[in-house]
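Hi,

Here is the model I promised to pass on. Have a look at it first, and then read my notes below.

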Amino acid sequence: MQWKVSNNISLKVSAYFAITPQAMMAGGNMQANFSGGGGPVSFNVFFKMGADFIIYWKPYHYHASLFMSMTASVSIHLLFIHTGFNLDLSANLNVWGPSFSGNGVV
């Protein structure tokens with residue numbers, strides 16, 4: 001599903017689900033984008049998050065992955081000054097089992 005909220009903001013969402021005799025899986029993600037400014041100063045923000053899960057019946061075990069990322073940028077163009085700034089943040093988490101285990105990265 002996509003939705004252009006305004007000239008500056010857009011959203012995108014997707015999801016899935018499946019079940020079979022061996023397993024069940026589900027997941028989805030969401031993206032948001034914001035662009036603003038104009039003239040000498042402009043900026044963009046992009047955000048994305050999502051999750052994926054799978055569960056197997058025999059032998060019982062599962063795996064889940066979750067993620068999030070955000071990117072922001074600013075551009076400045078004034079007279080003789082032309083510069084920009086970027087910021088990137090992200091995090092990932094993976095868990096599995098049946099002996100609950102996992103790892104994460106920020």
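Before anything else, keep in mind that this is a predicted model.

I started with the contacts. Among those in the chain with a separation of 6 or more, 37% are between residues 24 or more positions apart.

Next, the secondary structure. The chain has 7 strands and 0 helices, so reading from the N terminus you just get β-β-β-β-β-β-β. The radius of gyration is 20 Å, while the globule rule gives 13 Å for 106 residues; the value for the chain is well over that, so the chain is more spread out than a compact globule. You can also look at the spans of the C-alpha trace along its principal axes, which are about 65 × 30 × 10 Å.

Then there is the question of what is covered and what is not. Just 12% of the 106 residues count as buried. The chain exposes about 7,700 Å², and 67% of that comes from carbon and sulfur atoms.

One spot on the surface to look up in the viewer: a nonpolar patch formed by Met1, Val13, Met30 and Met49. Together these four residues have about 380 Å² of accessible area. You'll find Val13 in strand β2, which covers residues 9-19. Is Val13 buried, exposed or partly exposed? Its relative accessibility is 34%, and buried means under 20% while exposed means over 50%, so Val13 counts as partly exposed.

That's what I have for now.

Cheers

How values were computed
Residues numbered from 1 in each chain as written. Predicted model: local features only at pLDDT ≥ 70, side-chain atom pairs only at ≥ 80, totals over all residues. Heavy atoms only, no water. Helix = DSSP H or I, 4+ residues; strand = E, 2+ residues; numbered from the N terminus. Rg over C-alpha atoms; globule rule 2.2 N^0.38 Å. Buried < 20%, exposed > 50% of the residue type's maximum accessible area, 1.4 Å probe, protein only. Contact = heavy atoms within 4.5 Å. Areas by Shrake-Rupley, 256 points an atom, 1.4 Å probe, with all protein chains shown as cover. Patch = residues over 30% accessible without salt bridge, like charges linked within 9 Å, V, L, I, M, F, W, Y side chains within 5 Å. Salt bridge = Lys/Arg side-chain N within 4 Å of Asp/Glu carboxyl O.
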